[in-house]
Amino acid sequence: MFPWNMFPFGKDMKESMQKMKPEEINNFVQDIIGKIMPGNMQGMMNPQEMFNGFQNTASQQRPVSGVLESTAFETHDYVFVRIPLKNEEWIKMLRLYHTSNQLIIEHIPEHNDSNTITLPAIVKRKGAIANYKDGILEVKIPKNIDMQYSQIDVTEIL
């Protein structure tokens, strides 16, 4: 069971949080994490590292292996990925796959290499086209218009 009684959700919480300095907030969060985590788990994870995943990831558009440079962008109907290829022979070796949000390029530059590019939008399963011209591999994938959304009620905590 989660220890809800440890959090200071009260009428004066807003005032006390506004008066706190950043160092005090950091100490408060560290104290709460220390109370929630069992003693045997505290050495396994550094609390500072826990929040590293929340930093801005917009600049991380490079493939996983870092071998291939790429540009991914979307239009109203399609997602385009352009990859400059250094060697024209790679066209015969490479294999392209895609999921709903990733493009996977295998077998270049080496046979056991794999590069993954995150797409800027959700795409359809069928209809992708790849063309090679002037040293650029261009992949064109139709976008999937997913209009499924749910309303979330907001409750006010006093």
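This is a short walk through the fold of one chain, from its overall layout down to a single leucine.

Okay, so before anything else: what we have up here is a predicted model. Let's start with the layout. The chain has four helices and seven strands. Going from the N terminus, we get three helices, then two strands, then one more helix, and then five strands to finish. So much for the order along the chain; now the pairing.

Have a look at the open sheet. Which order do its four strands take? Reading across, you get 1-2-7-6, and the pairing is antiparallel. Strand 1, that's 71-74, and strand 6, that's 129-133, are the edge strands; each has a single partner, so one side of each has no neighbour in the sheet. On average, neighbouring strands in this sheet are turned by 15 degrees against each other, if you ignore direction.

Let me zoom in on one edge. Strand 6 runs antiparallel to strand 7, residues 136-142, and five bridges join the two. If you want a landmark there, find Ile129: the residue opposite, in strand 7, is Lys140.

Then there's a hairpin, made by strand 3 and strand 4, with three residues between them. Strand 3 covers residues 95-98 and strand 4 covers 102-106; they're antiparallel, with four bridges. One pair to click on is His98 with its bridge partner Leu103 in strand 4.

Hang on to Leu103, since that residue comes back when we look at the core. The largest nonpolar core has 17 residues, and Leu103 is one of those with the most contacts inside it, along with Ile83 and Leu85. Who supplies the core? Strand 2, which is 78-84, strand 4 and strand 7 each put in at least two residues. As a general point, nonpolar side chains in soluble globular proteins tend to be buried together.

Leu85 is a nice one to centre on. What does Leu85 touch, leaving out residues up to four places away in sequence? You'll find Leu68, Trp90, Ile91 and Leu94, then Ile108, and further along Tyr132, Gly135 and Leu137.

Last, some totals for the chain. There are 158 residues, and 19% of them count as buried. The exposed area comes to about 12600 Å², with carbon and sulfur atoms supplying 52% of that. And if you take contacts between residues at least 6 apart in sequence, 43% join residues at least 24 apart.

That's my tour; over to you.

Definitions and conventions
Residues are numbered from 1 along each chain as its sequence is written. This is a predicted model: local features need pLDDT of at least 70, side-chain atom pairs count only at pLDDT 80 or more; totals for chains, interfaces and linings use all residues. Side-chain values use heavy atoms; hydrogens and water are left out. Two strands pair if DSSP finds at least two bridges between them. Axes are lines fitted to C-alpha atoms, for helices over the stretch in contact, and angles run from 0 to 180 degrees between N-to-C directions. Buried means under 20% relative accessible area, exposed over 50%, partly exposed in between (1.4 Å probe, protein chains only). Contact means heavy atoms within 4.5 Å. Accessible areas come from the Shrake-Rupley method with a 1.4 Å probe; for residues, only the protein chains shown count as cover. A nonpolar core is a set of buried Ala, Val, Leu, Ile, Met, Phe, Trp, Tyr and Cys residues joined through side-chain atoms within 4.5 Å.
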